[in-house]
Amino acid sequence: MGFTMSLFIVGLAYSNPETFHRARLSDMDGSIFSAIGGGAVRWSAHHQWLKAAPKQVEPFPR
């Protein structure tokens, strides 16, 4: 929703086509970098959780 809203505001704010195009590309860049950063944080948190999780123990050892 934030991405769509920012595109809407950019469309209202800039009447010059070149400025509008640059603002739209900046919005796309910000969204891509946010997705990459969020994925990196999630990946790191998942691997930290795997290291801290207790190992499975068989209830009846053989």
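**Notes on a two-helix model**

1. Let's start with one side chain: Arg22 is exposed, its relative accessible area being 55%. Keep in mind as you read on that this is a predicted model.

2. What does Arg22 meet in a salt bridge? Its partner is Glu18, and the N to O distance is 3.1 Å. Glu18 comes out as partly exposed, at 48% relative accessibility. To count as a salt bridge, the side-chain nitrogen has to lie within 4 Å of the carboxyl oxygen, so the 3.1 Å between Glu18 and Arg22 passes. The total by this rule is one salt bridge.

3. Where do these two residues sit relative to each other? Both belong to helix α2, four residues apart, which means about one helical turn separates Glu18 from Arg22.

4. Now zoom out to the fold. The protein chain has two helices and zero strands. With a radius of gyration of 22 Å, against the 11 Å that the globule rule gives for 62 residues, the chain is more spread out than a compact globule. Its C-alpha atoms fill a box of roughly 75 × 15 × 15 Å along the principal axes.

5. How much of the chain is buried? Of its 62 residues, 5% count as buried. The chain exposes about 5,800 Å², and carbon and sulfur atoms supply 66% of that area.

6. Have a look at Asp27, over in helix α2. Asp27 is buried, yet it has no salt bridge. Why does it have none? The nearest side chain of opposite charge is Arg24, at 8.3 Å, and the cut-off is 4 Å, so the pair doesn't qualify.

7. What does Asp27 touch, if you skip residues up to four places away in sequence? The contacts are Phe3, Ser6 and Leu7. One of these, Phe3, has its place in helix α1, which covers residues 2-13.

8. Phe3 turns up again on the surface. Together with Met28, Ile32, Phe33 and Ile36, Phe3 makes a nonpolar surface patch of about 500 Å². Patch residues need over 30% relative accessible area; Phe3 has 33%, so it clears that bar and is partly exposed.

9. Which helix gives the most to this nonpolar patch? That is helix α2, residues 17-52, with four residues. When you turn the model around, try finding Phe3 of helix α1, then look for its patch partners, including Met28 and Ile32.

Conventions
Residues numbered from 1 in each chain as written. Predicted model: local features only at pLDDT ≥ 70, side-chain atom pairs only at ≥ 80, totals over all residues. Heavy atoms only, no water. Patch = residues over 30% accessible without salt bridge, like charges linked within 9 Å, V, L, I, M, F, W, Y side chains within 5 Å. Areas by Shrake-Rupley, 256 points an atom, 1.4 Å probe, with all protein chains shown as cover. Buried < 20%, exposed > 50% of the residue type's maximum accessible area, 1.4 Å probe, protein only. Lys, Arg positive; Asp, Glu negative; His and termini not counted. Contact = heavy atoms within 4.5 Å. Rg over C-alpha atoms; globule rule 2.2 N^0.38 Å.
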